[in-house]
Every structure is written in structure tokens, then in C-alpha cells.
Amino acid sequence: MYTELAVVALAIGGMTVAKAAPMTKADFGKTKEGTPVQIFTLTNASGMEAKIMTYGGIVVSLKAPDRKGAMADIALGFDSLKAYEEDNSPYFGALIGRYGNRIGHARFSLDDKEYTLEKNNGENTLHGGSHGFNTKVWTPRQLPDGGLELTYVSPDGEEGFPGKLTLVAVYRLTDANELKMDYTATTDKPTVVNPTNHSYFNLKGAGNGDILGHVVTIYATRFTPVDAGLIPTGELRPVKGTPFDFTKPTAVGARIGQADEQLKFGTGYDHNWVLDSGGGKLALAAKVEEPTTGRVLEVLTTEPGIQFYTGNFLDGTLKGKGGKVYAQRNGLALETQHFPDSPNKPSFPSTTLRPGQKFQSQTVYRFSTEPAGKK
Ligand code: GLA
């Protein structure tokens, strides 16, 4: 009934509904191996724009309005495919798989079988190995509802992981200023899976200085402390009374320099928070407010954890979009996920996927603005 009435009202008023422009597609060069890469531009009714390429499923740029309506690209990244393919690219904007974050000692066992992975981060495996999903060219499909579907089929044994895994990620830019990401995965043998998106944000605009003044809330009363190699110890530690307490809005820089063993291990924040939602249903995980521009980012997810990473390893050697240099802490990442090293931590929520099961998860980056003087 509601729909019919709305249609009639529109007809009588002779109004036109603001409709998002259709997705456009362009070539973005060829990989080192000669595979062509495309870049898709998604726009919404209020002028937000996301550019996503088939290499790594990478969000190359994301334009969001400030409190005066001025658009800025708030995602760190590069101008060329070649720069993304370099070894030292820090996963800007990428879809991460098969396993987001670290697996300790680059091994795990599943059903009494031991699997050996690549040590691409000290003794450990980071983000699925050095040929993770962020380095693959995904197969695109433009969905009738305006979504961009990207599929990657990872062969059995790729990077040491068992089972042929099919991962489908769909990006949608909604008229509510949300970039929505839906992941589904299936496998033909028991395996582990933990996909995420590794966008780095600077709500002042990428390349416009550091993120220390960004005000962060994380809806979590516990986090997973790590050892010196950034592998969780297995403890779920209350954040109360520590620099990891973001249950109330707090500037990133307020405590990042404190003499704290966990901050020392991470060279700042590079930890997984245990979301109070517990995962399973879409819930607010984190909120970031940038007081000078008024831009606000809320992260919602069905995942049980979030890695808050403050760009500690950016060191000013990378030249980003428009030739801007990204120095330490010039961007922050909020990677929704299952906890690092879950395959070796039976007490953590399981990341095992078996044949016949379907992995599903959703994460939303929701943008809005707030008036001056709020903080
Ligand atoms: C994740 C890790 C960090 C770092 C970045 C990429 O956030 O937890 O330690 O490796 O990815 O540089």
C-alpha cells in the first residue's frame, strides 16, 4: 500500500526522485603479468563516489562530504596500478584473504592435519601470505541493484591453505551515504577464512596530515592483547583503565604515546577489539569523528572483532595519490574480522569453514557529518 501511495504522490507532484547515476567502468592498466584491470565508479544521490578496481578489490578512492558539503577523497591510496603492485604497498583499500591479520608461526592444524603457510611477517603469516587476495584480479559483475560483485576463486593449496575457496564480495554505495560490503564464501574442503577490507581513512582528506585528532569510539569493553610478534596471547583483557579504552569518544593521539607494553608491541594501536555485540548481527563497532571537517565514519559489522590500526608502519616513503606523502599515522584502518590467530586459538570464535556451509558477513562504512563545536 505504502509503495502505491508513494508512486501516486510522485505522479501528482510531478517530482523526480534523485536517482544514483549508473556505475561506470574504465580500464586501469594491466598487471605485471599482463592481466587487464578495470576500475568501477559507484555514485549515490548525494554525490558520494567510490572507485573500486578489480585488482585486489581495492577501494581506490572514496569521496565523502564535510559539514559544508565539500567533497574530499578520504581513502589513502595510489594513482597507478603499478604502485599497488609494489611489495611495500600496505594493503591500501584492499580486500584481504584468505585470512585477515596474523596466523602465529605460519601454521595451524585442522581436523588433525597440519598446514604450513608462508612466513611473510617475522615468524607469522599476515593477511593470507604475500600473494593474498589483495594481489589477485577479481571477476567483476555489475548487479541490477547497482552493486559491484567481485569474485575470487582461490585454488586448493594456494598460499598453503586447504580447499578451493570461492569468495564473493559485493560493494554497494547507498543513498544513505554507506559503503556496504557483503562477503560470502564456500569451500570444497575444510579450511579457514577471515576476509576484511583494509581501507585507511583520513577524514580530513587523504594526504592532509595525521589522524591523531580523530576522535574514536569502539563499542568493545575487551581487546585481545598480543605478544611482541602481534599474535594474541589468548586473553580477552578488559580495556578499563588502559589506553585501549575507547568506550567513550577519545582522540587517537590522547594516549598513543603512553608507556604501555601493548602500545609498544604495536608501535601504537594495532590490536583486535572484542566487540560487545558478539558478532552475528549487524551492530555498531566503531565511530570516528573528525572535529575540523565534521566528517563522521561509523563502522557496522556482523563480525565479532575489529582491528584498529593507526598506520604505525607508514613512514613517509610512500607517495600516494596526487604525489602526497603518507607519513606515520596519516591514516587509520578499522578492519572488521574474526580475531587474529583464531585457527590456533580454540577459545576464539571459529574461522573454520566446511563444505556445504556458507560463510556470510556484512560490514558497513556509514558517513555523516556533525556540526562545529560538538567536541
Ligand atoms: C594490519 C596489521 C598491521 C599492519 C597492517 C598493514 O592492520 O595488523 O600490523 O601489518 O595490517 O601494514
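Q: A salt bridge is a side-chain nitrogen of Lys or Arg within 4 Å of a carboxyl oxygen of Asp or Glu. What makes Lys 136 and Glu 158 a salt bridge?
A: Their side chains meet at 3.2 Å, N to O. That is within the limit, so the pair counts. This is a predicted model, where local features need pLDDT of at least 70, side-chain atom pairs count only at pLDDT 80 or more, and totals for chains, interfaces and linings use all residues. Residues are numbered from 1 along each chain as its sequence is written, and side-chain values use heavy atoms, with hydrogens and water left out.

Q: How many salt bridges does this rule give?
A: The count comes to 14.

Q: Why is the pair of Lys 136 and Glu 158 said to tie parts together?
A: Lys 136 lies in the loop between strand 10 (125–126) and strand 11 (139–142). Glu 158 lies in the loop between strand 12 (148–154) and strand 13 (165–173). The parts are 22 residues apart in sequence, so the pair ties them together. Strands here are DSSP runs of E, at least two residues; helices are runs of H or I, at least four; both are numbered from the N terminus.

Q: Are Lys 136 and Glu 158 buried or exposed?
A: Both are buried, which means under 20% relative accessible area (exposed is over 50%, partly exposed in between; 1.4 Å probe, protein chains only).

Q: What makes Arg 172 and Asp 145 a salt bridge, and where do they lie?
A: The side chains meet at 2.7 Å, N to O. Arg 172 is in strand 13, and Asp 145 is in the loop between strand 11 and strand 12, 27 residues apart. The pair links distant parts of the chain.

Q: Why is Arg 172 called partly exposed?
A: Its relative accessible area is 23%. That value falls between the two cut-offs, so the label follows.

Q: How do you know that Arg 237 and Glu 235 qualify, and what is their exposure?
A: Their side chains meet at 3.0 Å, N to O. Arg 237 has 30% relative accessible area and is partly exposed. Glu 235, at 34%, is also partly exposed.

Q: Which residues do shared salt-bridge partners join into one network?
A: Asp 145, Arg 172 and Asp 182.

Q: Why is strand 25 called largely enclosed?
A: Five of its five residues are buried, so the rest of the structure largely encloses the strand. Both faces are covered. Gly 305, Gln 307 and Tyr 309 are buried on one side, Ile 306 and Phe 308 on the other. In a regular strand the side chains alternate between the two faces of the sheet.

Q: How do you know that strand 25 pairs with strand 22 and strand 28?
A: Pairing takes at least two DSSP bridges. Strand 25 has five with strand 22 (270–274), antiparallel. His 271 stands opposite Phe 308. Five more bridges join strand 25 to strand 28 (332–337), again antiparallel. There Gly 305 stands opposite Gln 337.

Q: What makes strand 1 and strand 5 edge strands?
A: Five strands form an open antiparallel sheet in the order 1-2-3-4-5. Strand 1 (24–30) and strand 5 (71–73) each pair on one side only. Strand 1 meets strand 2 (36–43) through five antiparallel bridges. Asp 27 has Gln 38 of strand 2 as bridge partner.
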